[in-house]
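Here is a short tour of one protein chain, written for someone who would like to look at the model while reading. Have the viewer open and follow along.

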Amino acid sequence: MRIIVAAVGRLKRGSESELSERYRKRAAQTGRQLGLRDVEIIEVRESRATDADKRMREESIALASIIPQEAAVVLLDSHGESLESAGFASQLSKWRANGRTAVVFLIGGADGLAPNLREKAELRLSFGVATWPHQLVRVMLLEQLYRGTTILTGHPYHRA
């Protein structure tokens with residue numbers, strides 16, 4: 001199973017980018033023991049449209065175009081479900097056991113995601129009700145992916 005983190009916008013070089021890459025590599029390495037192929041980052045360009053609705057539609061179309069067939073779609077959403085790390089790991093395990101080819105985590109732009117893309121989501125995942133910068137959401141997601149893979153492999157990184 002592939003894990004894809006698809007985000008609107010690029011991380012600039014710096015501490016967020018370095019931390020993001022560190023957790024991505026760790027999750028990919030630990031995930032291999034579980035049969036995960038890789039943890040991929042796909043960045044789509046931010047729309048330059050002046051109208052917020054048009055920006056949201058253009059960015060949503062770009063994200064939708066990279067979702068593989070039969071993939072589980074997870075939308076990062078402040079109004080979504082807040083999972084404990086063990087529950088997050090359990091969900092990853094279920095998707096893998098059910099033969100999913102990929103899990104795609106979508107991080108929208110500042111204007112959000114179009115309703116038709118939101119409807120594709122099997123899970124709307126929240127890291128709390130606070131508004132987080134997209135760069136930090138990516139880092140937090142990748143850390144949770146690493147933590148989830150360590151939980152599933154019995155690695156001592158996670159302590160409940």
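The report below goes through helix packing and then a few single residues.

Please keep in mind that this is a predicted model.

**Helix α5 and its partners**

A good place to start is helix α5, which covers residues 134-153. This helix has 20 residues and reaches 29 Å from its first C-alpha to its last, close to the 28 Å expected at 1.5 Å a residue. Just after α5 comes Gly154, with a positive phi of about 80°.

Two packed helices are described by the angle between their axes and the distance between the axes. For α5 and helix α1 (residues 15-32), the angle is about 20° and the axes are 8 Å apart. Angles under 35 degrees count as roughly parallel, so α1 is roughly parallel to α5. The crossing of these two helices is left-handed. On the α1 side, the contact is made by Glu16, Leu19, Ser20, Tyr23, Arg24, Arg26, Ala27, Thr30 and Gly31. On the α5 side, the contact residues include Gln135, Leu136, Arg138, Val139, Leu142 and Glu143, and further along Leu145, Tyr146, Thr149, Thr150 and Thr153. Sorted by class, the residues of this contact are eight nonpolar, seven polar and five charged.

Helix α3 (residues 85-97) meets α5 in another way: their axes come within 8 Å and cross at roughly 75°. Angles of 65 to 115 degrees count as roughly perpendicular, and α3 and α5 are therefore roughly perpendicular to each other. From α3, the residues involved are Ser85, Ala86, Phe88, Ala89, Leu92 and Ser93. They meet Leu141, Gln144, Leu145, Arg147, Gly148, Ile151 and Leu152 in α5. By class, the contact of α3 with α5 has eight nonpolar, four polar and one charged residues.

**A closer look at α1**

How does the span of α1 agree with its 18 residues? At 1.5 Å a residue they should span 26 Å, and the end C-alpha atoms of α1 are 26 Å apart, which agrees. Within this helix, Ser20, Tyr23, Arg24, Ala27, Ala28, Thr30 and Gly31 are buried. What covers the buried residues of α1 includes strand β2 (38-44) and helix α5.

**Single residues worth finding**

The table lists six residues with their places and relative accessibility.

| Residue | Place | Relative accessibility |
|---|---|---|
| Arg138 | helix α5 | 4%, buried |
| Thr149 | helix α5 | 1%, buried |
| Val74 | strand β3 | 0%, buried |
| Arg118 | helix α4 (residues 115-120) | 27%, partly exposed |
| Ile61 | helix α2 | 59%, exposed |
| Glu70 | loop between α2 (52-64) and β3 (72-81) | 59%, exposed |

Take Arg138 to begin with. Is this arginine of α5 buried or exposed? Its relative accessible area is 4%, and buried means under 20%, so Arg138 is buried. Leaving aside neighbours within four places in sequence, Arg138 is in contact with Val5, Ala7, Gly9, Arg10, Leu11, Ser20, Ile41, Glu43 and Ile107.

Thr149 also sits in α5. Not counting residues up to four places away in sequence, Thr149 touches Ala27, Thr30, Gly31, Leu34 and Leu36. Ser93 is 56 residues from Thr149 in sequence, and the two are 9.0 Å apart in space, C-alpha to C-alpha.

Which residues surround Val74 of β3, once neighbours within four places in sequence are left aside? Val74 is in contact with Trp95, Val103, Val104, Phe105, Leu106, Leu123 and Leu125. Leu11 is 63 residues from Val74 in sequence and 20 Å from it in space, C-alpha to C-alpha.

Arg118 touches Leu75, Asp77, Leu113 and Arg124, not counting residues up to four places away in sequence. The C-alpha atoms of Arg118 and Ser60 are separated by 9.2 Å, with their positions 58 residues apart along the chain.

Ile61 counts as exposed at 59% relative accessibility. Ile61 and Ala6 are 55 residues apart in sequence and 12 Å apart in space, C-alpha to C-alpha.

The last stop is Glu70, in the loop between α2 and β3. Its phi is near 65°, a positive value in a residue other than glycine.

Conventions
Residues are numbered from 1 along each chain as its sequence is written. This is a predicted model: local features need pLDDT of at least 70, side-chain atom pairs count only at pLDDT 80 or more; totals for chains, interfaces and linings use all residues. Side-chain values use heavy atoms; hydrogens and water are left out. Axes are lines fitted to C-alpha atoms, for helices over the stretch in contact, and angles run from 0 to 180 degrees between N-to-C directions. Angles under 35 degrees count as roughly parallel, over 145 as roughly antiparallel, 65 to 115 as roughly perpendicular and the rest as oblique. A crossing is left-handed if the near helix is turned anticlockwise from the far one by less than a right angle, and right-handed if clockwise. Contact means heavy atoms within 4.5 Å. Ala, Val, Leu, Ile, Met, Phe, Trp, Tyr, Cys and Pro count as nonpolar, Asp, Glu, Lys and Arg as charged, and the others, Gly among them, as polar. Buried means under 20% relative accessible area, exposed over 50%, partly exposed in between (1.4 Å probe, protein chains only). The expected span of a helix is 1.5 Å times one less than its number of residues.
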